[in-house]
Amino acid sequence: MITVTPSGAALGARITGVDLSKPVDPATFKAIEDALHEHEVIVFPEQRLTPEQHISFSRQFGELEEHLRQDRCRPGYPELFVVSNIIENGKPIGSTDAGFFWHSDLCYAAEPSRGSLFYAHEIPMQDGQPKGDTLFASMTTAYDALPDETKRTLHERKAVNSYFAGYTRERNGAPRAALTAEQRAKVPDMLHPAVRTHPATGRKCLFVCEAYTTELVGLEAQESSTVLEQLFEHLKEDRFVYRHRWAPGDFLIWDNCATQHRAVIDYELPLRRRMERTTLRGAAPF
Ligand code: SIN
């Protein structure tokens, strides 16, 4: 029997009483899925998972994505995207700057991800305190709190989501490796509703993000950027945010329709951070 303890913030809950390295029975799995839909981000502390167990538990939710950047995946595991600052043999073992801007995973794809399952292998510690927190914002609560006039502006409006724009956005002045023509062709700019409906809960979710959304279709360029800037400021207000302080063994699941997230990059080598993510396939937003 699992215990679900809400974080006290707009989203987030901690779940104890389940060992994810073992097969999870259907009743427990349903309780986990229900908790995900209600709390949008769920945290399972003190898990001990092999890559196979991480993948196998993730598959209970459905099909998994294989990340576009296979050079950032764990060798031999195309479903395990590595987020890490560690360099081995002169090469990064994973993505060194994932989550620099607020986003939801694969929002630029035709079928954005339903959710992500993120496992903490190594967490940087300084003076006994963990560094490298992750911030999560509730897009249901953020949408509900919008002024009626903004809701009217966004009603049935599409937004342009561009992987290329997000990828090339400057991070600390450091240039990024160019995408190959083949990688670029796989991720054309995508139109999605600026407000989407959650397929399980029916709640409305704000679906524009500072990392990848470049335009609100049908507005003058100036108005489009003004409204987007206002939305990007609004969605990261403290009242919509849960900040996760990591411990090794934490296993988080977040809902990519109902939330956005951003990494706090407040550490550097020799402090090491190593995380691995599976990414659930989703469906076209409506
Ligand atoms: C991500 O955006 O997927 C990574 C978040 C993090 O590293 O905290």
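**Exercise 1. Which residue in S17 is the bridge partner of Phe 44?**

Before we start: this is a predicted model, where local features need pLDDT of at least 70, side-chain atom pairs count only at pLDDT 80 or more, and totals for chains, interfaces and linings use all residues. Residues are numbered from 1 along each chain as its sequence is written, and side-chain values use heavy atoms, with hydrogens and water left out.

Step 1. Get the vocabulary straight. Helices (H or I, at least four residues) and strands (E, at least two) are DSSP runs, numbered from the N terminus. Two strands pair if DSSP finds at least two bridges between them.

Step 2. Look at strand S3 (residues 41-44): four bridges join S3 to S17, and the two run antiparallel.

Step 3. Find Phe 44; its bridge partner in S17 is Phe 251.

Step 4. Now try strand S7 (residues 115-122). Five bridges join S7 to S17, again antiparallel, and here Tyr 119 stands opposite Phe 251.

**Exercise 2. Work out why strand S17 counts as largely enclosed.**

Step 1. Recall the cut-offs: buried is under 20% relative accessible area, exposed is over 50%, and partly exposed is in between (1.4 Å probe, protein chains only).

Step 2. Check both sides of S17. Phe 251, Ile 253 and Asp 255 point one way, Leu 252 and Trp 254 point the other way, and all are buried.

Step 3. Conclude: five of the five residues of S17 (residues 251-255) are buried, so the rest of the structure largely encloses this strand.

**Exercise 3. Compare the two faces of strand S2 (residues 13-16), then place S2 among its neighbours.**

Step 1. Follow the alternation: Ala 13 and Ile 15 point to one face and are buried, while Arg 14 and Thr 16 point to the other and are not.

Step 2. Strand S1 (residues 3-6) pairs with S2 in the antiparallel sense over four bridges, with Ile 15 as the partner of Val 4.

Step 3. On the S3 side, two bridges join S2 to S3, and these strands run parallel. Ala 13 has Ile 42 of S3 as its bridge partner.

**Exercise 4. How do the rings of Phe 29 and Phe 61 sit relative to each other, and are these residues buried or exposed?**

Step 1. Rings of Phe, Tyr and Trp (its six-membered ring) pair if their centres lie within 6.5 Å; planes under 30 degrees apart count as stacked, over 60 as edge-to-face and the rest as tilted.

Step 2. The centres of these two rings are 4.6 Å apart and the planes lie at 65°, so the pair is edge-to-face.

Step 3. Locate them: Phe 29 is in helix H1 (residues 26-39) and Phe 61 is in the loop between helix H2 (51-59) and strand S4 (81-84), 32 residues apart.

Step 4. Phe 29 has 10% relative accessibility and counts as buried; Phe 61, at 10% too, is also buried.

Step 5. Zoom out: ring pairs link Phe 29, Phe 44, Phe 57, Phe 61, Tyr 119 and Phe 251 into a cluster.

**Exercise 5. Which helix gives the most residues to the largest nonpolar core?**

Step 1. A nonpolar core is a set of buried Ala, Val, Leu, Ile, Met, Phe, Trp, Tyr and Cys residues joined through side-chain atoms within 4.5 Å.

Step 2. This core has 25 residues, and among those touching the most other members are Met 139, Leu 206 and Leu 235.

Step 3. Strand S10 (134-138), helix H3 (139-144), strand S14 (204-206) and helix H7 (221-235) each supply at least two residues. H7 is the answer, with five.
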